[in-house]
Amino acid sequence: MSALPHPQTGFDPERLSSAALQAFFNLSERWGLTAAQERILLGNPPESTFFKWKAEKTARRLGRDALDRISYLLGIAKALNILLPSPRAADEWVKKPNTAPLFHGQSALERMLGGSLIDLADVRRYLDAQRGL
């Protein structure tokens, strides 16, 4: 049974959640992430839930935290594709050590794997600043 559209906004939470998960797992594949890294970036959902999401690439309704995390990650990917000369360079950047003060010599991925939503937001803000936004 499909979820009904939200009465005030007209969006279908299942459709939004499934699209977000599909985009996340596509990005994860491009970045070469492990399942453990994926779980951290998604906010550490229970293992059974995570592996169901991964297998089915769908969910009835993702929580606000997971949707916010995916939104930040997609924004990071978009910013990298704008800033860097090729999709490959953009995808590789997340794993390269970075001398910017925010990263303290770590990669952006290492920073994001701190597990906090703020870690994702900080990387996004850094990239937006690099873009002049």
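1. A residue is called buried here if its relative accessible area is under 20%. D128 has 16% relative accessibility, so D128 counts as buried. Its salt-bridge partner is R131, with the closest N and O atoms 3.7 Å apart. At 30%, R131 counts as partly exposed. Keep in mind throughout that this is a predicted model.

2. Next, helix α7, where D128 is one of the buried residues. The helix covers residues 117-130, and its 14 residues should span 20 Å at 1.5 Å a residue; the end C-alpha atoms are 20 Å apart, so the model agrees with expectation. Have a look at both ends too. S116 caps the N-terminal end, with a side-chain oxygen 3.0 Å from the backbone nitrogen of I118. Just after the helix, G132 has a positive phi of about 85°.

3. What does the buried side of α7 pack against? The partners are α2 (35-41), α4 (64-83), α5 (87-93) and α6 (108-112). The buried set in α7 is a mix of residues: L120, A121, V123, Y126 and L127 are among them, and so are D119, D122 and D128.

4. Charged pairs deserve a point of their own, as the model has 11 salt bridges. One of them joins E38 and K54, at 2.6 Å from N to O. E38 sits in helix α2 and K54 in helix α3, so this pair ties together parts that are 16 residues apart in sequence. The two ends differ in exposure: E38 is buried at 2% relative accessibility, while K54 is partly exposed at 28%.

5. Back on α7, D119 makes a salt bridge with R111, the closest N and O atoms being 3.3 Å apart. Both D119 and R111 are buried.

6. Two backbone spots are worth a click. Most residues other than glycine have a negative phi. N44, however, has a positive phi near 55°, and K57 has one near 50°. N44 is in the loop between α2 and α3 (47-56), and K57 is in the loop between α3 and α4. Both are partly exposed, N44 with a relative accessible area of 45% and K57 with 29%.

7. Last, D91 in helix α5. Is D91 buried or exposed? D91 is buried, because its relative accessible area is 13%. Setting aside neighbours within four places in sequence, D91 is in contact with R30 and W31.

How values were computed: Residues numbered from 1 in each chain as written. Predicted model: local features only at pLDDT ≥ 70, side-chain atom pairs only at ≥ 80, totals over all residues. Heavy atoms only, no water. Helix = DSSP H or I, 4+ residues; strand = E, 2+ residues; numbered from the N terminus. Expected span 1.5 Å × (residues − 1). Buried < 20%, exposed > 50% of the residue type's maximum accessible area, 1.4 Å probe, protein only. Contact = heavy atoms within 4.5 Å. Polar contact = N/O pair within 3.5 Å; in protein donor to acceptor, adjacent residues only side chain to side chain. Salt bridge = Lys/Arg side-chain N within 4 Å of Asp/Glu carboxyl O.
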